[in-house]
Amino acid sequence: MARVKPKIPIYKSETDLKNWYVLYCKTNTEKKTALLLNEIGIKAYCPTRTELRHWSDRKKKVEVPVLPSMILVHLKDKDRNTVFQVPTAVRYLYWLKKPAIVKDQEVEALMSILRGDTSTVEVDNVNVGDKIKLKGLGFEQEEASLKYVSKTHYCVYLERLGYMIKIKR
């Protein structure tokens, strides 16, 4: 009598899911690297902002990368080495001996902030040292403490991340 193997459901492993990774590239080649990666079929995002640059004879608006020498690439873990087909790609950013993964929500928040889709934040009666929760602004239930208040800005310390951010009043 033949034995029938029970069917085991196949789950997608982490290697089948696409993640956003931070890729270091050569200096001042961020936009070129993203363009070359997109041409070979790898989704790459180089966040930029417009900046007014002054020269001795003129002023000009220039697109400047928000993350110097870094771009974000969206691919599967097993396909990570394909980015090195582009000569300007250097290496991945690592965190705790693993390639750093950026959450989809964080990339979407970065895109919306750079598009100008941000909303204003109203703060009432806060004092230095108060604990506040940041909702929206790309932070999901992030706890912070108020460190400094000026006429135009609030300086907030993100305890879990160890970063100080400045928020317009």
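This report describes a predicted model of one protein chain, moving from the whole chain to a helix, its surroundings and a few loop residues.

**The chain as a whole**

The secondary structure of the chain comes to two helices and 13 strands. The chain has 169 residues, of which 29% count as buried, and its accessible surface comes to about 13000 Å², with 53% of that surface belonging to carbon and sulfur atoms. If one takes the contacts between residues at least 6 apart in sequence, 49% of them join residues at least 24 apart.

**Helix 1 and its two faces**

Helix 1 covers residues 30-39, and its buried residues are E30, T33, A34 and L37. Seen down the axis of helix 1, these buried residues fall within an arc of 100°, and therefore they line one face of the helix. The face turned away from that buried side carries the exposed residues L35 and E39. Among the elements that cover the buried residues of helix 1 are strand 1 (18-25), strand 2 (43-45), strand 4 and strand 5. Just after the helix comes G41, which takes a positive phi of about 95°.

**The nonpolar cores**

In soluble globular proteins, nonpolar side chains tend to be buried together. The largest nonpolar core of this model has 15 residues, and those that touch the most other members are L23, L37, I71, V73, L75, V83 and Y92. Strand 1, helix 1, strand 5 and strand 6 (89-92) are the elements that give two or more residues to this core. Apart from it lies another core, of seven residues, which includes W20, Y45, L72 and V107.

I71 offers a way to look at these surroundings in detail. Leaving aside its neighbours within four places in sequence, I71 is in contact with a list of residues that includes Y21, V22, L23 and C25, and also E30, T33, A34 and L37. The buried residues of helix 1 are E30, T33, A34 and L37, and each of these four is thus a contact of I71. The contacts of I71 also include A44, Y45 and C46.

**Three loop residues**

The table sets out three residues that lie in loops, with the relative accessible area of each.

| Residue | Loop | Relative accessible area |
|---|---|---|
| N28 | between strand 1 and helix 1 | 70%, exposed |
| R58 | between strand 3 (48-54) and strand 4 (59-65) | 44%, partly exposed |
| S69 | between strand 4 and strand 5 (70-76) | 18%, buried |

Most residues other than glycine have a negative phi. With that in mind, it is worth looking at N28, whose phi is near 60°, a positive value in a residue other than glycine. S69 likewise has a positive phi of about 60° although it is not a glycine.

Why does S69 count as buried? The relative accessibility of S69 is 18%, and a residue counts as buried when this value is under 20%. Not counting residues up to four places away in sequence, S69 touches L23, Y24, C25, T27 and E30. N28, by contrast, counts as exposed because its relative accessibility is 70%, where the cut-off for exposed is over 50%.

R58 is partly exposed, with a relative accessible area of 44%, and a polar contact of 3.2 Å joins its side chain to that of D57.

Note on methods. Residues are numbered from 1 along each chain as its sequence is written. This is a predicted model: local features need pLDDT of at least 70, side-chain atom pairs count only at pLDDT 80 or more; totals for chains, interfaces and linings use all residues. Side-chain values use heavy atoms; hydrogens and water are left out. Helices (H or I, at least four residues) and strands (E, at least two) are DSSP runs, numbered from the N terminus. Buried means under 20% relative accessible area, exposed over 50%, partly exposed in between (1.4 Å probe, protein chains only). A polar contact is a pair of N or O atoms within 3.5 Å; within protein, one must be able to donate a hydrogen and the other to accept it, and residues adjacent in sequence count only if both atoms are side-chain atoms. Contact means heavy atoms within 4.5 Å. The arc is that of the directions from the helix axis to the C-beta atoms. Accessible areas come from the Shrake-Rupley method with a 1.4 Å probe; for residues, only the protein chains shown count as cover. A nonpolar core is a set of buried Ala, Val, Leu, Ile, Met, Phe, Trp, Tyr and Cys residues joined through side-chain atoms within 4.5 Å.
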